[in-house]
Amino acid sequence: MSFFTDFYNKVFSFFKPQDTAENNVKDVARSRLKLVLMQDRTNLTPKILEQMRGELIDLLSKYVELDKELLELNFEQEGDQVALMLSIPVIRAKDEKEIEEAIKKDALLKGITLADDEEDDTEEETGTDELQEETDKDSEGNQDETLPQETSEADENGESQAEDTENKNSDEENVQETV
Amino acid sequence: MSGRVIVITSGKGGVGKTTTSANIGTALAKAGNKVVLIDTDIGLRNLDLLLGLENRIVYTIVDVVEGRCKLKQALVKDKKNPNLSLLAAAQTRDKSAVSEEQLKDICEKLKKDNDFILVDCPAGIEQGFQNAVAGASEAIVVTTPEMSAIRDADRIIGLLAAREEIESYKLLLNRVRPNLIATNDMMSVEDVVELLACDLIGIIPEDTGIISSTNKGDPIVNDEKSLAGQAYRNVARRIMGEEVEFLNLEEDKNFIGKIKDFFEKTIKEIKAKI
């Protein structure tokens with residue numbers, strides 16, 4: 001009996017189209033379209049999505065230690081509603097102390113970047129090219145001037161430092177640098 | 001009598017708007033409704049060809065709005081079905097020859113003594129589209145299971161949803177090829193419906209009979225044996241409010257599929273015996 005079914009399966013796996021990612025044209029078309037339609041509908045460019053992702057990582061890292069590489073931000077269709085789906089692989093939850101520290105550090109960082117911006121504005125008048133570019137970026141990116149700069153700093157940290165716990169120290173270093 | 005004005009639109013060209021208009025119009029008329037088809041593709045008229053009426057057109061929609069004839073004079077009656085008539089587009093003018101207000105006015109007048117007014121919309125999202133949609137309160141969005149057609153349909157659905165006068169819009173999926181869906185080379189009906197998040201009014205299989213029906217100037221709904229004709233007749237019944245199940249297109253299996261089915265059957269029989 002098993003001989004029959006084995007033989008049958010062997011013969012027909014030969015004829016069957018292989019369901020690999022490459023062969024499955026339909027799925028490729030569907031996922032490409034999904035992305036394009038979401039961009040058409042929401043006017044969110046890949047650049048803005050990337051920025052959104054960076055800011056979300058910053059926010060969530062205060063409370064949990066997460067796998068930044070595997071964090072996924074996607075759009076899903078539910079009926080005629082578009083939903084933003086965030087999948088966050090959590091490595092471990094932070095304890096109260098760590099969270100408190102992170103919030104304090106965040107507040108400190110915001111205070112400093114605000115001061116930093118003011119400095120930029122005053123120095124702009126002196127006319128250094130680099131500083132002008134920086135302030136240009138800030139004003140086009142977001143109404144809240146502190147946000148884009150904050151994320152770009154955090155991204156740099158994420159790349160240079162693999163360990164989340166060591167991030168705080170490096171954050172502080174980085175802040176000092178920018179000041 | 002107050003007829004329903006339905007616009008047939010797609011965004012992308014060549015997906016079958018005009019074929020759909022001709023067939024749904026004919027099917028509705030065959031079912032006993034008074035139907036007027038309006039071709040708003042001014043400069044690129046084709047609906048007359050699909051209905052086989054190209055030699056009977058004396059006045060066009062542009063003649064009506066410019067006052068050279070009365071609206072009734074410009075309506076060309078179908079050869080087979082006196083319930084069906086066509087208001088043809090002008091071939092020598094462009095989309096700016098008729099305005100939104102003028103089209104709205106024509107639709108209002110036609111509503112009085114017809115059950116259905118079907119407006120065949122030109123491709124694109126410019127003035128021609130705006131004109132065609134102006135008088136309508138319902139829409140049928142025609143698309144095929146292809147990337148560009150679906151993307152354009154999504155744009156059209158967005159524009160229709162933003163219009164208050166459009167009370168409902170439904171999707172008609174045209175040129176579906178079950179054998180390509182079976183081999184995962186084409187998106188399935190479910191995939192398209194999920195992507196566009198729009199209710200279906202019809203699934204039309206790809207049918208080579210469409211070519212010869214166009215060549216003859218006789219819509220495929222008049223061919224009782226054609227599967228596409230059957231699908232279009234079902235769409236007309238759904239428009240009239242009937243609940244009709246969608247055709248099962250999957251039985252159209254290829255050769256290997258048929259052999260496989262045969263073997264599966266025999267294996268089951270052997271198993272049952274053991």
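Visitor: What is a salt bridge, as the term is applied here?

Guide: A salt bridge is a side-chain nitrogen of Lys or Arg within 4 Å of a carboxyl oxygen of Asp or Glu. The general idea is that side chains of opposite charge can pair when their charged atoms come close. The model shown above is predicted, and by this rule it holds 24 salt bridges over all chains.

Visitor: Which residues are linked in a network of salt bridges?

Guide: Such a network links A:Lys26, A:Asp27 and A:Arg30 with B:Asp191.

Visitor: How should one read the pair A:Glu50 and A:Arg53?

Guide: Their closest N and O atoms are 3.6 Å apart, and the two residues form a salt bridge. Both lie in helix α3 (residues 46-61) of chain A; because they are 3 residues apart there, about one helical turn separates them. A:Glu50 has a relative accessible area of 47% and is partly exposed.

Visitor: Are B:Asp48 and B:Arg45 buried or exposed?

Guide: Both B:Asp48 and B:Arg45 are buried. Their side chains meet in a salt bridge, with an N to O distance of 2.9 Å.

Visitor: What is the distance between the closest N and O atoms of B:Arg237 and B:Glu242?

Guide: The distance is 3.0 Å, and B:Arg237 and B:Glu242 form a salt bridge. As for accessibility, partly exposed covers the range between under 20% and over 50% relative accessible area. B:Arg237, with 34%, is therefore partly exposed, and B:Glu242, at 36% relative accessibility, also counts as partly exposed.

How values were computed. Residues are numbered from 1 along each chain as its sequence is written. Chains are lettered from A and ligands numbered from 1 in the order in which they are written. This is a predicted model: local features need pLDDT of at least 70, side-chain atom pairs count only at pLDDT 80 or more; totals for chains, interfaces and linings use all residues. Side-chain values use heavy atoms; hydrogens and water are left out. Helices (H or I, at least four residues) and strands (E, at least two) are DSSP runs, numbered from the N terminus. Buried means under 20% relative accessible area, exposed over 50%, partly exposed in between (1.4 Å probe, protein chains only).
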